Amino acid sequence: FSPRNSTPAANMETVNTPLENKARLLQLNELVKKYSLENNQAYLDQTVEVLVDGFSKKDESIYTGYTPSQKVVNFKAENVNIGDIVKVKINRVKTWYLSGELVN
């Protein structure tokens with residue numbers, strides 16, 4: 001718990017050391033990453049609709065957008081505008097995003 005002012009936790013006795021809290025947070029983060037990647041695996045080789053949001057922050061030759069379930073998708077394309085809804089076949093999955101190619 002986090003003993004913030006004006007919360008029930010503020011009146012509770014601290015039972016964990018900061019080191020234990022950090023270890024638990026790292027363990028939780030590893031589980032979140034694991035399940036995120038597992039969930040994204042379901043998109044591999046699937047064609048999804050993507051709302052084009054703009055260009056990738058890391059590479060302006062790559063567009064980025066979102067699926068209806070709010071998954072981030074990166075893809076290369078030409079003649080695409082922000083706000084377009086396009087079909088993208090997912091050919092690579094990562095923990096936090098999907099990559100694919102535009103389907104005509």
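Accessible areas here come from the Shrake-Rupley method with a 1.4 Å probe. On that basis the protein exposes about 7,900 Å², and carbon and sulfur atoms supply 51% of that area. Please keep in mind that this is a predicted model.

Let me start with the overall layout. The protein has one helix and five strands. Read along the sequence, the pattern is α-β-β-β-β-β, with the helix, H1, at residues 18-41. Strand E1 takes in residues 47-55, strand E2 residues 63-66, and strand E3 residues 72-76. Then come strand E4 at 85-93 and strand E5 at 98-103.

What is the radius of gyration of the protein, and what would a compact globule of 104 residues have? The protein has 20 Å, whereas such a globule would have a value near 13 Å. The C-alpha trace spans about 60 × 25 × 25 Å along its principal axes. Of the 104 residues, 27% are buried. As for contacts between residues at least 6 apart in sequence, 47% of them join residues at least 24 apart.

A brief word on charge. There are 13 positive and 12 negative charges in the protein. The mean positions of the two sets are 5 Å apart.

Next, the aromatic residues. A pair of aromatic rings is described by the distance of the centres and the angle of the planes. Searching the whole structure gives two aromatic pairs. One of them is Tyr 63 with Phe 75: the ring centres are 5.9 Å apart and the planes are at 20 degrees. Why is this pair called stacked? Planes under 30 degrees apart count as stacked, and the planes here are at 20 degrees, so the pair falls in that class. Tyr 63 lies in strand E2 and Phe 75 in strand E3, so the pair ties together parts that are 12 residues apart in sequence.

Are these two residues buried or exposed? The cut-off for buried is under 20% relative accessible area. Tyr 63 has a relative accessible area of 10%, so Tyr 63 is buried. Phe 75 is at 1%, and therefore also counts as buried. Together with Phe 55, Tyr 63 and Phe 75 form one aromatic cluster.

Now the backbone. Two residues are worth pointing out here. Ser 6 is not a glycine, yet has a positive phi of about 65 degrees. Ser 6 is found in the segment before helix H1. Its relative accessible area is 81%, so Ser 6 is exposed. Asn 79 is likewise not a glycine, and its phi is positive at about 55 degrees. Where does Asn 79 lie? Asn 79 is in the loop between E3 and strand E4. With a relative accessible area of 76%, Asn 79 is exposed.

Moving on to the last strand, we come to Ser 99, which is found in strand E5. Ser 99 has a relative accessible area of 11% and is therefore buried. Which residues is Ser 99 in contact with, leaving aside its neighbours within four places in sequence? They are Asn 74, Lys 89, Ile 90, Asn 91 and Arg 92.

After E5 comes a segment that holds Asn 104. Asn 104 counts as exposed, at 91% relative accessibility. From Asn 104 to Val 80 the C-alpha to C-alpha distance is 12 Å, and the two are 24 residues apart in sequence.

One more residue, back towards the earlier strands. Glu 60 has its place in the loop between strand E1 and E2. Glu 60 is exposed, with a relative accessible area of 67%. How far apart in space are Glu 60 and Lys 76, C-alpha to C-alpha? They are 9.7 Å apart, with 16 residues as their separation in sequence.

To recap: the radius of gyration is 20 Å, against a value near 13 Å for a compact globule of 104 residues. Phe 55, Tyr 63 and Phe 75 form one aromatic cluster. Ser 6 and Asn 79 each have a positive phi without being glycines.

Definitions and conventions. Residues numbered from 1 in each chain as written. Predicted model: local features only at pLDDT ≥ 70, side-chain atom pairs only at ≥ 80, totals over all residues. Heavy atoms only, no water. Helix = DSSP H or I, 4+ residues; strand = E, 2+ residues; numbered from the N terminus. Rg over C-alpha atoms; globule rule 2.2 N^0.38 Å. Buried < 20%, exposed > 50% of the residue type's maximum accessible area, 1.4 Å probe, protein only. Contact = heavy atoms within 4.5 Å. Lys, Arg positive; Asp, Glu negative; His and termini not counted. Charge placed at Lys NZ, Arg CZ, Asp CG, Glu CD. Phe/Tyr/Trp six-rings, centres within 6.5 Å; stacked < 30°, edge-to-face > 60°.
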